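Let's take a walk through this model together, going from rings to charges to a helix. Keep the viewer open and follow along.

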Amino acid sequence: MEIYGPIGLLKGIGEKTEQLFHRLHIETMLDLLYHVPRDYEKYEEPVLLTACDFQTPQTLRLFIIGNPTTKIFGKLNITTIHGADETGQIELVFFNKPYMKTVLKKGTAYVFRGKVMNQGRFYRMENPMHYHEEEYLPYVGQYFPIYPTTQGLSNKTIRKAIGQALTKKITDFMPE
């Protein structure tokens, strides 16, 4: 694979995703490898809801309680699910992700990661990342890069593309 080859050669990057990368001025593998993170985030052990720091993303282990609700406001779809740990309850809000009501099962524990907002006696997380407990464990203590993104292109997609680019056998681009 040529270092100057288009990023569209990577698995999972179709025409639309390639156009999103172009918005970030990433057109070749070399551009992708030079797209440096703006920050790093450490994945911590889950904390109790009442011990949250409201300034930084938190990791919570929660049981899903109650049934999810979905409201539609024009093109906006809001799905609300309630979770709880031994210290309290929290409202998990997902925007334009109606499938979440079938993904998260009542009575099951999941790990959620995101910014917790304290609204008086109530807690709320908007669009948190979610994991099964066994899926999250390997991430504990690791640092993950946070890349500059554009609308429609997630940090996860960029990480996967860079990971693929790093595993490809790339011909040396340094002149002799």
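Start with the rings: the count comes to 10 aromatic pairs. Keep in mind as you look that this is a predicted model. A good pair to pull up is Y43 and Y139, which meet edge-to-face, with 6.0 Å from centre to centre and 85 degrees between the planes. This pair links distant parts of the chain, since Y43 sits in the loop between β1 and β2 (58–73), while Y139 sits in the loop between α4 (133–136) and β9 (143–146), 96 residues apart. The two rings can also be described by their exposure: Y43 is buried, at 3% relative accessibility, whereas Y139 is partly exposed, at 28%.

Y139 has another ring partner. With Y136 it makes an aromatic pair that is edge-to-face, this one at 6.4 Å centre to centre and with 85 degrees between the planes. Y136 has a relative accessibility of 1%, so it counts as buried. Step back a little and you'll find that ring pairs join Y43, Y131, Y136, Y139 and F144 into a cluster.

Now stay with Y43 and look at what lies over its face. That's R113, at 4.6 Å from the ring centre. R113 has a second job to look at, and it takes us to the charges.

The structure holds 4 salt bridges. In one of them, R113 pairs with E41, and the closest N and O atoms are 3.2 Å apart. What does this pair tie together? E41 belongs to strand β1 (residues 39–42) and R113 to strand β5 (residues 109–114), so the salt bridge ties together parts that are 72 residues apart in sequence. Are its two ends buried or exposed? E41 counts as buried because its relative accessibility is 18%, and the cut-off for buried is under 20%. R113, at 5%, counts as buried too. So R113 is a residue to keep in view: it lies over the face of Y43 and forms a salt bridge with E41.

Next, turn to R124. E91 forms a salt bridge with R124, with 3.3 Å between the closest N and O atoms. Here again the pair links distant parts of the chain: E91 is in strand β4 (residues 88–95) and R124 in strand β7 (residues 122–126), 33 residues apart. R124 also meets the side chain of E126 in a salt bridge, at 3.0 Å from N to O. Since these salt bridges share partners, E91, R124 and E126 are joined into one network. As for exposure, R124 is buried at 19% relative accessibility, while E91 is partly exposed at 23% and E126 is partly exposed at 34%.

Let's go over to E133, which is found in helix α4. At 28% relative accessibility, E133 counts as partly exposed. Which residues does E133 touch, once neighbours within four places in sequence are left aside? They are R61, A109 and V111. With R61, the side chains make a polar contact at 2.3 Å.

From E133, you can jump to T17: the two are 116 residues apart in sequence and 30 Å apart in space, C-alpha to C-alpha. T17 brings us to helix α1 (residues 15–23), where T17, E18, L20 and F21 are buried. Why do these four end up on the same side of α1? They cover an arc of only 155 degrees around the axis, which puts them there. It helps to recall that an α-helix has 3.6 residues a turn, so residues three or four places apart point the same way. Flip to the other side of α1 and you'll see E15, K16 and R23, which are exposed.

What covers the buried residues of α1? The cover includes α2 (29–33) and α5 (155–167). One last stop is just past the end of this helix: H25, just after α1, takes a positive phi of about 65 degrees.

Definitions and conventions:
Residues numbered from 1 in each chain as written. Predicted model: local features only at pLDDT ≥ 70, side-chain atom pairs only at ≥ 80, totals over all residues. Heavy atoms only, no water. Helix = DSSP H or I, 4+ residues; strand = E, 2+ residues; numbered from the N terminus. Buried < 20%, exposed > 50% of the residue type's maximum accessible area, 1.4 Å probe, protein only. Arc of directions from axis to C-beta. Contact = heavy atoms within 4.5 Å. Phe/Tyr/Trp six-rings, centres within 6.5 Å; stacked < 30°, edge-to-face > 60°. Lys NZ or Arg CZ within 6 Å of the ring centre and 35° of its normal. Polar contact = N/O pair within 3.5 Å; in protein donor to acceptor, adjacent residues only side chain to side chain.
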